[in-house]
Amino acid sequence: MEKFTKAKFLAWKTMGEKTLIIDSRVGKCVHKLNEVGSLLWNHLEKNSEVDLCKILMNEYEVDELQASQDVSEFIQTLRKLSLLHE
């Protein structure tokens, strides 16, 4: 069961249902997460991908397949942007 760790060079702030992630590497890039991304981001480090799917299904009216696809895409995007510690 894989757990995720946010990269150490990040700072983030959740405001309402949205989250801003500041990448302190070159250019201090800011990533904006919508409501779903914020939910997943806030539960990321304490949960596996399966757990994140369950959280998404409990919070929104999505089936297991859709939740799995959404979580997988979210994790892939975070990895592509180097926002997770590998």
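Two residues are said to be in contact when heavy atoms of one lie within 4.5 Å of heavy atoms of the other. This meaning of contact applies throughout the tour below. The structure on display is a predicted model.

**The whole chain**

Begin with the entire chain in a ribbon view. The chain contains three helices and three strands, and along the sequence they follow the pattern β-β-β-α-α-α. The C-alpha trace spans about 40 × 30 × 20 Å along its principal axes. A compact globule of 86 residues would have a radius of gyration near 12 Å, and the chain agrees with this because its own value is 13 Å. Of the 86 residues, 33% are buried. Among contacts with a separation of 6 or more, 45% are between residues 24 or more positions apart.

**The sheet**

Next, select residues 10-15, 18-23 and 29-33. The first range is β1, the second is β2, and the third is β3. Together they form an open sheet in the order β1-β2-β3, with antiparallel pairing. The edge strands are β1 and β3, each of which pairs on one side only. On average, neighbouring strands of the sheet are turned by 20° against each other, direction ignored.

Keep β1 and β2 in view. These two strands run antiparallel and are joined by six bridges. One residue to select is Met15, whose bridge partner in β2 is Lys18. The hairpin of β1 and β2 has two residues between the strands, and Gly16 takes a positive phi near 65° there.

Move now to the other side of β2. Strands β2 and β3 pair in the antiparallel sense over five bridges. Select Ile22, which stands opposite Val30 in β3.

Is Val30 buried, partly exposed or exposed? The relative accessible area of Val30 is 43%, so this residue is partly exposed. Setting aside residues up to four places away in sequence, Val30 touches Leu20, Ile21 and Ile22. A distance label may also be drawn from Val30 to Met15: the two are 15 residues apart in sequence and 14 Å apart in space, C-alpha to C-alpha.

**Helix α1**

Add residues 35-43, which form helix α1. This helix packs on the sheet and touches β1, β2 and β3, and its direction makes about 65° with that of β2. At the start of α1, select Asn34 and Val36: a side-chain oxygen of Asn34 reaches to within 3.1 Å of the backbone nitrogen of Val36.

Which residues of α1 are buried? They are Gly37, Ser38, Leu39, Leu40 and Trp41. To see what surrounds them, display α2 (49-59) and α3 (64-80) as well; the buried residues of α1 pack against β1, β2, β3, α2 and α3.

**The aromatic pair**

Show the side chains of Trp12 and Trp41. The structure has one aromatic pair. The ring centres of Trp12 and Trp41 are 5.3 Å apart and their planes stand at 85°, so the pair is edge-to-face; the angle needed for this class is over 60 degrees. The pair links distant parts of the chain, with Trp12 in strand β1 and Trp41 in helix α1, 29 residues apart.

The two partners may also be viewed with a surface. Trp12 has a relative accessibility of 36% and therefore counts as partly exposed. Trp41 has a relative accessible area of 0% and is therefore buried.

**From His43 to Asn47**

Select His43, which is found in helix α1. Its relative accessible area is 29%, so His43 is partly exposed. Leaving aside neighbours within four places in sequence, His43 is in contact with Leu52 and Ile55. The C-alpha atoms of His43 and Ile55 are 8.5 Å apart, while the two residues are twelve residues apart in sequence.

Finally, select Asn47, in the loop between α1 and α2. A polar atom of the Asn47 side chain lies 2.7 Å from the backbone oxygen of His43. Which residues does Asn47 touch, not counting those up to four places away in sequence? They are Glu2, Lys3, Phe4, Leu52 and Ile55. With a relative accessible area of 14%, Asn47 is buried, because the limit for a buried residue is under 20%.

How values were computed
Residues are numbered from 1 along each chain as its sequence is written. This is a predicted model: local features need pLDDT of at least 70, side-chain atom pairs count only at pLDDT 80 or more; totals for chains, interfaces and linings use all residues. Side-chain values use heavy atoms; hydrogens and water are left out. Two strands pair if DSSP finds at least two bridges between them. Helices (H or I, at least four residues) and strands (E, at least two) are DSSP runs, numbered from the N terminus. Axes are lines fitted to C-alpha atoms, for helices over the stretch in contact, and angles run from 0 to 180 degrees between N-to-C directions. Rings of Phe, Tyr and Trp (its six-membered ring) pair if their centres lie within 6.5 Å; planes under 30 degrees apart count as stacked, over 60 as edge-to-face and the rest as tilted. Buried means under 20% relative accessible area, exposed over 50%, partly exposed in between (1.4 Å probe, protein chains only). A polar contact is a pair of N or O atoms within 3.5 Å; within protein, one must be able to donate a hydrogen and the other to accept it, and residues adjacent in sequence count only if both atoms are side-chain atoms. The radius of gyration is taken over C-alpha atoms; the globule rule is 2.2 Å times the number of residues to the power 0.38.
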